[in-house]
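Me: I have a structure to go through with you. I want the reasoning behind each label, kept short.

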Amino acid sequence: MEVVARELIPELAALPGLRLTAFVNREAAVCDDGPWGHLIPMTVVPVHARNRAAWVWGEQTHLPRLASRAGCDLVHSLASTAPLRGRFLRVTTIHDLIYRLVPESHFGMLGRGMRVLIPAAARRSHRVIVDSASTREDLARHLRTPRTKIDVAPLGVSLPRGVVPTSAEEIRRMLDLDTRPMVLSLSAKRPHKNLPRLLRTLSALAPDRRPSLVVPGYATPHEQELRELAASLGIADWVRLPGWLEAEDLEGLYAAAACVIFPSLYEGFGLPVLEAMARGVPVACSDRSSLPEVAGDAALLFDPEDVEAIRAALERLLGDPRLRAHLSKAGRERAAGFSWRRTAELTAASYERALAGRG
């Protein structure tokens, strides 16, 4: 969601007829690398991003007051929840319904809060924006949100500028990897990402044909389960689960990877698939939820609940250089059709519908 904010705001600011103000938490306010405070005015909501209870309180109490003081006609909430009161129109981007469809993926108070706040935001908003047609159908089916109230604005993709990728040799040294092929899976370590089946897929490959698997991302309570599973399957030496990586190291991983595999059970959009395709990395991904919308025919699709199907897709990619070259080219061409400017134009159109009273 931070990627969306950072990429969408500059494109919205470039459109005519919009007067924008960013309402940000204290941590975002002191960062000097965001568009808020530079391209558009910034108002600080006095909450800390990591304190979920305070964040919700700020959204429901401070934000309506600050938005009214700023003279906002419309408040667009980018993170699936929204203020439920205020004398302004409300547009909310709801990225997914993971909290409902895969409830074990949200831990503790976060999951309980989403079960209350997301349906309330869908009801009280004048328009709802989603990232995919699949998520639009999820809202209609599970929250009974009228389809006529939902606008689809697919996300965009952009490659980092001025980043020099870490060399493949340094990446392998950093992660203590040998020269065997490297498979990359950019996945949060949460249950709906289906990583246990990916580990079982890896264990089903013969050791002499088994690639290294690298799964970067922030640590979660699920990570220890993954480490224990890798150990029990006898593949711990082939698996790396690093945390957040610097941009140079991430680009180095993309450049060194033989392919990207993304076995998620549910996605509201699937930005990691699009980001890999934009870099020309061959992709195999799940055929569930929004992922076919993003991948089109530029990736291998598989049933994420079938370890044999995942294994077959992975072996095809690793064993067929011509297929990898084809998917590399097709992925770049497919990704070129997704731009943040188009996301901004569709977002602004949703604002217009709300302002015209068509919500």
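Reply: Start with a pair of charged side chains. This is a predicted model. In it, Arg279 forms a salt bridge with Glu251, with the closest N and O atoms 2.7 Å apart. The pair links distant parts of the chain, 28 residues apart. Arg279 sits in the loop between helix 11 (271-278) and strand 11 (283-286), and Glu251 is in helix 10 (residues 247-256).

Me: What makes Arg279 and Glu251 a salt bridge?

Reply: The cut-off is 4 Å between a side-chain nitrogen of Lys or Arg and a carboxyl oxygen of Asp or Glu. The N and O atoms of Arg279 and Glu251 are 2.7 Å apart, so the pair qualifies.

Me: Is Arg279 buried or exposed, and how do you know?

Reply: Buried means under 20% relative accessible area. Arg279 has 16%, so it is buried. Glu251 has 13%, so it is buried as well.

Me: How do you know where the Asp303 and Arg288 pair stands on exposure?

Reply: First the bridge: their side chains meet in a salt bridge at 3.0 Å, N to O. The two are 15 residues apart, with Asp303 in the loop between strand 12 (300-302) and helix 13 (307-319) and Arg288 in the loop between strand 11 and helix 12 (291-295). Partly exposed lies between under 20% and over 50%. Asp303 has 30%, so it is partly exposed. Arg288 has 26%, so it is partly exposed too. Salt bridges that share partners join Arg197, Asp287, Arg288, Asp303 and Glu305 into one network.

Me: Why are Arg141 and Asp138 said to be about one helical turn apart?

Reply: Because they are three residues apart in helix 6 (residues 133-143). Their side chains meet in a salt bridge at 3.5 Å, N to O. Arg141 has 53% relative accessibility, and the line for exposed is over 50%, so Arg141 is exposed. Asp138 has 7%, so it is buried.

Me: What makes the contact between the side chains of His95 and Asp131 a polar contact?

Reply: The cut-off for a pair of N or O atoms is 3.5 Å. The contact between the His95 and Asp131 side chains is 2.8 Å, so it passes. The His95 side chain also reaches the backbone oxygen of Leu78 at 2.7 Å. His95 is buried, because its relative accessibility is 7%.

Me: Which residues line the largest cavity?

Reply: Among them are His95, Asp131 and Leu78. The volume of the largest cavity is about 60 Å³. By class, its lining has six nonpolar, five polar and one charged residues.

Terms used: Residues numbered from 1 in each chain as written. Predicted model: local features only at pLDDT ≥ 70, side-chain atom pairs only at ≥ 80, totals over all residues. Heavy atoms only, no water. 1 Å grid on protein atoms, 1.4 Å probe; cavity = no way out; pocket = protein on both sides within 12 Å on 5 of 7 lines; lining within 4 Å. Points joined across faces, edges and corners; volume = space filled by probe spheres on them. Nonpolar A, V, L, I, M, F, W, Y, C, P; charged D, E, K, R; others polar. Buried < 20%, exposed > 50% of the residue type's maximum accessible area, 1.4 Å probe, protein only. Polar contact = N/O pair within 3.5 Å; in protein donor to acceptor, adjacent residues only side chain to side chain. Helix = DSSP H or I, 4+ residues; strand = E, 2+ residues; numbered from the N terminus.
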